[in-house]
Amino acid sequence: MSSWRSWHRPLVVFSAAMAALAVVSAVGLVVDDRVLVGAPIWAKPFKFSVSFVAYCLTLAWMLTLLTRGRRIGRWAGHVVVLTGLIEMVIITVQVVRGKRSHFNTATAFDSALWNAMGMTIVVLWAATLVIAVLLLRTRITDRATALAVRGGLLIALAGAGLGFLMTLPSETPQAAGNFDAADTMGAHSVGVPDGGPSMPLTGWSTTGGDLRAPHFVGMHALQLLPLLLIALVLLAPRFARLRDAGVRLRLVRVAVGGYAALVALITWQALRGQPLIHPDGVTLAAAGAILAAVACGTWRALRPTAPARPSRTAAEQEPVA
């Protein structure tokens, strides 16, 4: 892995700023008892700042892998920083005002902020797409590393794209938190109002579908798939099978396929208005099929390959008289 000193510096600095904001937001969670849409008002900036730390540090490292198009990649990183900064400033300003940042069209000012957030999110997604395309064209010597990086980026782009589903007009006539249909545009939840009973920490709905679940899981493929490869490399000295680059490549293939299937499954579950923690029989059956496929793929990836049989010489192939 390259030295952190060669990482994209603005992304690293922005990650440090987000870490500081996460600390401030954590203090806000303790000292500020305001609740908005069923959640502590400082929960959103806390979760977003922590997410940006992981997201931007990962991109800062991935940009060091580029062998061509480095200038374009560097500018794409700058765009990610700028758009992320705008988004976090708007979220924090709305927290201070005691207002929703997402889906809020109650006043002209709130609507302007929400529209600005929408534009920055699109630009941030496009900048990440540029980085993904550059990495798809980059020659990475280790095939397992290449697959972990590229697979993580593509799944993360799909997960981020799921966020756009939340901006569509909600079929729920009224959202929780004293916001009627005229005050909001879009929602996290499917089939139930935002702000109802939810899971601890994540805030995902326990009574209906919640698009934040696949959005979160998909985006963090960016970190989890490369971390899996790092774990395989670290375990290689202790497990002989993992010393084989081909085995590591096959395991990463299984992980990428399984992860993509998981994101598809929980997206389908959310769109059906089903809580993540209350799957029905059909969802459980699909999850079981994915788990079985991953287990089978892992077993096949770890199974020793039979040595190639030596070819017979010409003398051996001649029939005996």
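**Talking through the model**

Modeller: To start with the whole chain, its accessible surface comes to about 17,000 Å², and 68% of that belongs to carbon and sulfur atoms. Keep in mind that this is a predicted model. The chain has 10 helices and 6 strands, and 41% of its 321 residues count as buried.

Colleague: What share of the contacts between residues at least 6 apart in sequence join residues at least 24 apart?

Modeller: The share is 68%.

Colleague: Let's go to the aromatics. How many aromatic pairs does the structure hold?

Modeller: It holds 2 aromatic pairs. Take phenylalanine 14 and phenylalanine 52, whose ring centres are 5.6 Å apart, with the planes at 75°.

Colleague: Why is that pair called edge-to-face?

Modeller: Ring centres have to lie within 6.5 Å to pair, and planes over 60 degrees apart count as edge-to-face. With 5.6 Å between centres and 75° between planes, phenylalanine 14 and phenylalanine 52 meet both conditions, so the pair is edge-to-face. This pair links distant parts of the chain, with phenylalanine 14 in helix H1 and phenylalanine 52 in helix H2, 38 residues apart.

Colleague: And are those two buried or exposed?

Modeller: Buried means under 20% relative accessible area. Phenylalanine 14 comes in at 5%, so it counts as buried. Phenylalanine 52 has 7%, so it is buried too.

Colleague: What makes tryptophan 204 and phenylalanine 216 a pair, and of which kind?

Modeller: Their ring centres are 5.7 Å apart, within the 6.5 Å limit, so they pair. The planes stand at 65°, and the line for edge-to-face is over 60 degrees, so edge-to-face is the label. This pair also links distant parts of the chain: tryptophan 204 is in the loop between E5 and E6, phenylalanine 216 is in helix H6, and 12 residues separate them.

Colleague: Why is phenylalanine 216 called partly exposed?

Modeller: Exposed needs over 50% and buried needs under 20%, with partly exposed in between. At 44%, phenylalanine 216 falls in between, so partly exposed is the right term. Tryptophan 204, at 9%, is under the 20% mark and therefore buried.

Colleague: Back to helix H1. How do you know that its length is close to the expected one?

Modeller: H1 runs over residues 9-31, which is 23 residues, and reaches 33 Å from its first C-alpha to its last. The expected span is 1.5 Å times one less than the number of residues. For H1 that gives 33 Å, so the reach is close to what is expected. Its buried residues include Leu11, Phe14, Met18 and Leu21, and what covers the buried residues of H1 includes helix H2 (43-62) and helix H3 (70-97).

Colleague: What about helix H8: what span should its 27 residues have?

Modeller: Helix H8, residues 245-271, should span 39 Å, and its end C-alpha atoms are 39 Å apart, so the two agree.

Colleague: What makes aspartate 244 a cap for H8?

Modeller: A side-chain oxygen of aspartate 244 lies 2.8 Å from the backbone nitrogen of glycine 246, at the N-terminal end of H8. A polar contact needs N or O atoms within 3.5 Å, so 2.8 Å qualifies. After H8 comes glycine 273, with a positive phi near 75°.

Colleague: How do you know that the charged end of arginine 272 sits over the ring of tryptophan 268?

Modeller: The charged end is 4.1 Å from the ring centre, and the distance limit is 6 Å, so that part is satisfied.

Colleague: Now histidine 220. Why is it called buried?

Modeller: Its relative accessible area is 13%, under the 20% cut-off, so histidine 220 is buried. It is found in the loop between helix H6 (212-219) and helix H7 (221-235). A polar contact of 2.7 Å joins the side chains of histidine 220 and glutamine 223. Leaving aside neighbours within four places in sequence, histidine 220 is in contact with Ser51 and Tyr259.

Colleague: And what makes leucine 201 stand out in its phi?

Modeller: Most residues other than glycine have a negative phi. Leucine 201 has a positive phi near 70°. This leucine 201 is in the loop between strand E5 (189-190) and strand E6 (209-210). At 80% relative accessibility it is over the 50% mark, so leucine 201 counts as exposed. Valine 37 also has a positive phi, about 50°, without being a glycine, and its place is the loop between strand E1 (35-36) and strand E2 (39-40).

Note on methods:
Residues are numbered from 1 along each chain as its sequence is written. Side-chain values use heavy atoms; hydrogens and water are left out. Helices (H or I, at least four residues) and strands (E, at least two) are DSSP runs, numbered from the N terminus. Buried means under 20% relative accessible area, exposed over 50%, partly exposed in between (1.4 Å probe, protein chains only). Contact means heavy atoms within 4.5 Å. A polar contact is a pair of N or O atoms within 3.5 Å; within protein, one must be able to donate a hydrogen and the other to accept it, and residues adjacent in sequence count only if both atoms are side-chain atoms. Accessible areas come from the Shrake-Rupley method with a 1.4 Å probe; for residues, only the protein chains shown count as cover. Rings of Phe, Tyr and Trp (its six-membered ring) pair if their centres lie within 6.5 Å; planes under 30 degrees apart count as stacked, over 60 as edge-to-face and the rest as tilted. A charge sits over a ring if NZ of Lys or CZ of Arg is within 6 Å of the ring centre and within 35 degrees of the ring normal.
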